[in-house]
There are 2 protein chains.
Amino acid sequence: MKAAIITIGDEILIGQIVDTNSAWIAQKLTLAGFEVEEMQSIGDDAQQIKVTIDEVFSRVDVILMTGGLGPTKDDITKKTLCDYFATTLVFDDTVLENIQNVISSFTTLNELTRNQAYVPKDCTVIQNRVGTAPVTWFDYIGKVLVSMPGVPHEMRYVMDNEIIPRLQAKYDPDAYLKRVFIVKGYTESALAMYIADFEDNLPEGFGLAYLPSPGLMKLRLFVRGEHRLPELDEQVRKLQNILGDAILAEKDITAEKLLGERLFERGLSLGTAESCTGGNIAHTITSIPGSSRYFKGSVISYANEEKVNILRVSQDSLDRFGAVSEAVAVEMARGAQDVLHVDCSIATTGIAGPDGGTEEKPVGTVWICTTCKDRCVAKKYQLGRFREANIVRATNIGMLQLLEMLE
Amino acid sequence: MKAAIITIGDEILIGQIVDTNSAWIAQKLTLAGFEVEEMQSIGDDAQQIKVTIDEVFSRVDVILMTGGLGPTKDDITKKTLCDYFATTLVFDDTVLENIQNVISSFTTLNELTRNQAYVPKDCTVIQNRVGTAPVTWFDYIGKVLVSMPGVPHEMRYVMDNEIIPRLQAKYDPDAYLKRVFIVKGYTESALAMYIADFEDNLPEGFGLAYLPSPGLMKLRLFVRGEHRLPELDEQVRKLQNILGDAILAEKDITAEKLLGERLFERGLSLGTAESCTGGNIAHTITSIPGSSRYFKGSVISYANEEKVNILRVSQDSLDRFGAVSEAVAVEMARGAQDVLHVDCSIATTGIAGPDGGTEEKPVGTVWICTTCKDRCVAKKYQLGRFREANIVRATNIGMLQLLEMLE
């Protein structure tokens, strides 16, 4: 069952924002059994929207569209879809009621927002429980077009709770069976070479996807069709035999979620002491709802004074070894345990870049120390040249290093 | 002069990676005077590539294409372009020489990499100084198609140094003039209503774009053609008169960058004390290279013990008013100034959700206190129901609240 994603908005075409919705939608559609054939981003232009729908409908069954549903004049998607499907806008009281529920908590209704309750007459209106722009679903010559708001959290809520279940009910596509493995200790190419035989001998229709993210490697083994489950299980066993301990977990889960689960199961508390990651480990861990059950806090010691004053790192270690050193990483991690009164800690100190590198300690040099009660592991990593990527990699590596200690 | 961007790669269509190249290219093209009409992402499929080029060339003059140029067998862009432009692959010694220069620093030449030196006969070959896949430029019925590698830093280098200058030399497009304003205190719809007259009376060819992000609103006023600069200046003056103090800054800049500039100009240091934002303010601020010049550190006091132990918040305030209260926000912010020895601080305490809300303090209740030396401002905000959005909004609001104090 073929699908396409169309994103509408001038702000995308001038590069003002990066379209992250399409990738998110593509992932959900793929897992739900649909094949995404193409993604397009086009402007807030009625003619262009209509031509694009025509072209794309000639190739796919399902079009998921985001954007152009805001209350201001440049947002023309709703009106254009009315034209395209030869219908008119009508005022819908149930939509108004939903809008009032949504906004009551933080603002009052004005005229522009009230206009969001006008919807195309001939379509299925799906209430947007988390925003003011209603979702519209058009059935058309056996195909479907859904128009959703482009605000990411609104789109995600609607996709998960309304669109994906309805699409699956309507089309019942072949199930997309998959198993995801979090693998440690391999780069993408090293892993590809190590499991080349396994990959070459996969049965017809099976696929293996490498999902590298900074500092973390996932493998997804997949096939379409419920009846192939026994074969999938057999291939999983093969892969388990080949990779053994390198498999850190067999589920599609982020490092922060996995770490949170392990800590909570064992009744352990966590704190961080961050220099080069600048709070990103704390931020990543606290992005998980309920993280307060195990996460207690952090000291972001960006400046050396804070390392000494709050974490009680010794001035002597700083002078002798420098801030980016094993000794300082260990003292930071131990300091975090003491100061935050936690069982486990993750400490980072390094040079994120682009400046601050030296011959001896180039940009990307990072020391990470993890502790769990008495135990303590400190390791040096040589990451890349890019600040943003270095911060994310050090964050993932730090969490994985602690996860390994908890095995 | 119209342009389009085509991204090739199956990994994009399954949502494995987010396409950030297209937005980057779109920004460069727009500023260089081109109008980006559309962006498409399609699979590594020869037929689909050819059909897409046909369709897109019927609408635009310039196609910039990325991806599908790797050395492995799923990368078919180069061969497909040979088919499309009815030419053949030939071995190019200058490309081989460039490849050898590029890889000499980190690896040796293997057969797959050597094959990268085969290039289409009838095209302009542009050396890729930072990678092994050459860039190819096809002139065709007065139009241009450029094929570039999808590796972001390679594509960026080639765009800046080769493609943009050549495109401008060939087409000499009208300049894109713009002014960006950071506006405080308005939702998108409220702002649109407030400046409706201004917007309705903009001269022909002018555009106004609303760029909302959580807790932060930007406006972009734009027009094409160098000769329209005096008119643009006039419209800017009008908008300044209408919005007055609501304009926080007149440049296209993030809140974290603006805050960093203001702090650095005034020689002020910053620290944060974060509860509900869980380190995201520190992370956001330290994502800016050079932030160590003004950012000293943070205490992430997720648990109440840390508020008391490290930030010296009084147990009495916690007991009497609760953690989410003005008193605790103020004590956290003052505590951060003391403990971190900084001039300015941002403190957050609130209920990010989805759990933890009460009748009196529902999910989304956040107290934010900002200090600068003796001055101190504490405000209560009622944000939404979504954890992720609440964290981002509280982060932006906290930075803006401090920015206002620095005016």
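Buried means under 20% relative accessible area, exposed means over 50%, and partly exposed lies in between (1.4 Å probe, protein chains only). That term recurs throughout this report on a predicted model, in which local features need pLDDT of at least 70, side-chain atom pairs count only at pLDDT 80 or more, and totals for chains, interfaces and linings use all residues. Residues are numbered from 1 along each chain as its sequence is written, chains are lettered from A and ligands numbered from 1 in the order in which they are written, and side-chain values use heavy atoms, with hydrogens and water left out.

## A strand in chain B

Start with strand β13 (residues 270-274) of chain B. Helices (H or I, at least four residues) and strands (E, at least two) are DSSP runs, numbered from the N terminus. Five of the five residues of β13(B) are buried, so the strand is largely enclosed by the rest of the structure. In a regular strand, side chains alternate between the two faces of the sheet. In β13(B), both faces are covered. L270(B), T272(B) and E274(B) are buried on one side. G271(B) and A273(B) are buried on the other.

Next come the partners of β13(B). Two strands pair if DSSP finds at least two bridges between them. One partner is strand β14 (residues 295-301) of chain B, parallel to β13(B) and joined by five bridges. Here L270(B) stands opposite F295(B). Another is strand β15 (residues 344-350) of chain B, also parallel, again with five bridges. There T272(B) faces I346(B).

A helix belongs to this picture too. Together, β13(B), helix α12 (residues 280-286) of chain B and β14(B) form a right-handed β-α-β unit. Right-handed means that, with the strands pointing away from the viewer, the path from the first strand over the helix to the second runs clockwise.

## Salt bridges

Side chains of opposite charge can pair when their charged atoms come close. A salt bridge is a side-chain nitrogen of Lys or Arg within 4 Å of a carboxyl oxygen of Asp or Glu. The whole structure holds 31 of them over all chains. Three are listed here.

| Pair | N to O distance | Citation |
|---|---|---|
| E38(A) and R59(A) | 2.8 Å | closest N and O atoms |
| K28(B) and D160(B) | 3.1 Å | side chains meet |
| K218(B) and D252(B) | 3.2 Å | side chains meet |

Take the chain A pair, E38(A) and R59(A), with closest N and O atoms 2.8 Å apart. E38(A) lies in strand β2 (residues 35-42) of chain A, and R59(A) in the loop between α3 (46-57) and β3 (62-66) of chain A, so the pair ties together parts that are 21 residues apart in sequence. E38(A) is buried, at 2% relative accessibility. R59(A) is partly exposed, at 29%. A network of salt bridges links E38(A), R59(A) and E55(B).

In chain B, K28(B) and D160(B) form a salt bridge at 3.1 Å. This pair links distant parts of the chain, 132 residues apart: K28(B) is in helix α2 (residues 21-31) of chain B and D160(B) in helix α7 (residues 152-171) of chain B. K28(B) is partly exposed, with a relative accessible area of 29%. D160(B) is partly exposed at 37%.

The K218(B) and D252(B) side chains meet at 3.2 Å. K218(B) sits in strand β11 (residues 216-224) of chain B, and D252(B) in the loop between β12 (247-249) and α11 (255-265) of chain B, 34 residues apart. K218(B) is buried, with a relative accessible area of 12%. D252(B) is partly exposed, at 36%.

## Chain A as a whole

Chain A has 16 helices and 17 strands. Its C-alpha trace spans about 75 × 55 × 40 Å along its principal axes. Of its 407 residues, 56% are buried.

Domain bounds come from an automatic or database domain assignment. Chain A is divided into domain 1 (2-171), domain 2 (176-249) and domain 3 (255-406). The C-alpha centres of domain 1 and domain 2 of chain A lie 35 Å apart.

## The two copies

Copies are superposed by least squares on the C-alpha atoms of residues with pLDDT of at least 70 in both. Chain A superposes on chain B by a rotation of 177 degrees with 1.6 Å of shift along its axis (RMSD 2.2 Å). The two copies are thus related as by a two-fold rotation axis.
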